[in-house]
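Ready for some practice in reading a protein model? Work through the exercises below one at a time, and try each task yourself before you look at its solution.

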Amino acid sequence: MSSNGKANAALAAAVIFLLLSTGSAYFAFDRLSTNERWVRHTRDVQSALAQFAMSTARAGRLRAEYVDSGDASLVQRQTDQVNQIRNTIASIQRLTIDNPQEQANVRMLADLTEKRIAIMDAAIQLKRSGKSTLLGQAEIMRQLVSVAEDTDLLLQRMYDAEDQLLAQRQARVGRSSSLTIAVLLVSLLLALILFVVHHWLLVDQVAARARAENQQRALSAKLLNLQDEERRKFARELHDSVGQHLAALKMALSLVQAKSPNDKVLQDCFKLLDDSIAETRTISHLLHPPLLDEAGLNSASRWFVEGFGQRSGIAVNLDIQNGETRLPPPVELVLFRALQESLTNVHRHSGAKRAEVSLCTTGNRVILRVKDDGHGMPATALKSVRENGMGAGVGLAGMTERIREIGGRLEVNSSPNGTEIVARVPVRSNGAIEGRPLDNGSLDGRQPATFGDGKESATEL
């Protein structure tokens with residue numbers, strides 16, 4: 001499986017596992033919540049039983065106080081307590097409806113309570129009738145104590161049953177809590193492991209892509225260097241072979257012309273031969289100008305701009321402010337090729353009438369600017385150039401690769417008023433070739449010059 005496939009598989013596994021873990025955690029939390037509700041339910045039952053015991057004791061105390069004092073207001077309070085006791089029993093019955101054993105105990109509790117209430121009512125009626133005696137009240141008290149003992153035993157059984165249920169439910173809550181925590185921790189750990197694996201695979205994929213891009217750039221640079229070498233070789237072959245043959249042919253024709261000086265055909269042949277020699281020299285110099293190796297970038301740029309203006313009919317303003325020392329040969333070659341490609345694009349695509357070329361050194365950088373007054377680049381082509389260095393053709397891509405190979409940067413700015421190409425190339429201080437002054441030629445290296453009269457036809461630019 002490819003690195004990309006492994007990364008996608010790891011991410012898919014992590015997402016699926018997280019979804020499963022989320023479902024497991026949901027069910028674990030739901031179970032924990034259910035167990036906690038049952039614990040609260042058990043405590044509610046215990047609270048109701050305690051409320052029943054207190055209400056029963058309070059009702060018995062009010063009955064005893066009435067029998068002793070005969071205060072009628074105590075009877076009403078005792079009646080209220082009896083009603084509260086019955087309500088509490090009904091509440092206990094509702095709370096224990098899910099427990100058959102406790103339901104049976106509640107029914108027994110209700111019977112005992114009604115029996116106890118009836119005995120207390122008998123004591124109150126005896127007091128109201130005025131026939132209350134110590135012996136009669138003692139008998140009633142004995143009956144109440146017997147019923148109270150049975151009630152207390154039943155309440156204790158119910159308390160014990162609820163305590164047992166509470167212990168079981170608390171144990172389930174503890175197990176549910178532990179299970180929930182374990183599920184969450186395991187889920188988090190495995191998800192982290194999967195995401196780390198995914199990250200590692202992505203890093204490996206990015207590194208592999210970076211290595212592939214570096215290899216591609218190295219190959220592109222090598223191809224460009226081979227292209228330059230082939231251009232240099234082909235230019236030399238043109239000069240040394242074709243150029244020499246044409247020169248020899250011209251000398252031979254000169255001997256023939258000396259015998260027939262007024263021969264019209266020979267005159268036309270001489271003209272065609274001179275044009276061929278000039279064209280061969282131009283093609284040879286465009287492939288690789290000797291001035292670039294002999295005199296440097298400044299002189300080669302002047303020669304090329306002058307010839308470009310004459311061939312294309314585009315007026316070019318050249319401004320060179322580039323110091324007095326030669327640049328490293330690779331930098332000079334890259335900048336000259338950038339100048340060639342930029343002006344060729346101006347002629348082929350811009351529809352411009354004028355162009356401006358400037359070459360200057362700022363700090364440790366050499367900046368080449370080529371600007372025209374044409375109609376600009378299409379928006380799609382400009383976007384492609386800015387995003388990945390690729391335009392409609394291979395010229396800009398090759399220019400970008402050349403400049404990037406020596407650590408520089410190419411900028412392309414375009415509007416309906418024209419296009420500007422800026423190449424910024426770093427120059428190491430120890431990279432300059434010392435002791436090789438610039439060729440000042442017929443133009444001062446710091447003065448602008450304008451070339452181009454449109455008199456000659458545009459051939460190979």
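## Exercise 1: One helical turn

R142 and E139 sit three residues apart in helix α4 (residues 134–259), so about one helical turn separates them. Keep in mind that this model is predicted.

**Task.** Find what kind of contact joins the side chains of R142 and E139.

**Solution.**
- Step 1: Side chains of opposite charge can pair when their charged atoms come close.
- Step 2: A salt bridge needs a side-chain nitrogen of Lys or Arg within 4 Å of a carboxyl oxygen of Asp or Glu.
- Step 3: From N to O, R142 and E139 are 2.3 Å apart, and their side chains meet in a salt bridge.
- Step 4: E139 has a relative accessible area of 35%, so E139 is partly exposed.

## Exercise 2: A second pair in one helix

**Task.** Decide whether E401 is buried or exposed, then do the same for its salt-bridge partner R404.

**Solution.**
- Step 1: The side chains of E401 and R404 form a salt bridge of 3.3 Å, N to O.
- Step 2: Both belong to helix α10 (residues 394–405), where being three residues apart means a separation of about one helical turn.
- Step 3: Buried means under 20% relative accessible area. E401 has 18%, so E401 is buried.
- Step 4: R404, at 33% relative accessibility, counts as partly exposed.

## Exercise 3: A bridge between helices

**Task.** Which helices hold R86 and E114?

**Solution.**
- Step 1: The structure holds seven salt bridges. One of them joins R86 and E114, whose closest N and O atoms are 3.1 Å apart.
- Step 2: R86 lies in helix α2 (residues 73–95) and E114 in helix α3 (residues 100–129), so the pair ties together parts that are 28 residues apart in sequence.
- Step 3: R86 is partly exposed at 36% relative accessible area, and E114 is partly exposed at 38%.

## Exercise 4: Rings that meet

**Task.** Describe how the rings of F304 and F336 are arranged.

**Solution.**
- Step 1: The count of aromatic pairs comes to two.
- Step 2: In the pair of F304 and F336, the centres are 5.8 Å apart and the planes make an angle of 70 degrees, an edge-to-face arrangement.
- Step 3: F304 is part of helix α7 (residues 297–312) and F336 of helix α8 (residues 329–350), so this pair ties together parts 32 residues apart in sequence.
- Step 4: Both F304 and F336 are buried, and ring pairs link them with F308 into a cluster.

Technical notes
Residues numbered from 1 in each chain as written. Predicted model: local features only at pLDDT ≥ 70, side-chain atom pairs only at ≥ 80, totals over all residues. Heavy atoms only, no water. Phe/Tyr/Trp six-rings, centres within 6.5 Å; stacked < 30°, edge-to-face > 60°. Helix = DSSP H or I, 4+ residues; strand = E, 2+ residues; numbered from the N terminus. Buried < 20%, exposed > 50% of the residue type's maximum accessible area, 1.4 Å probe, protein only.
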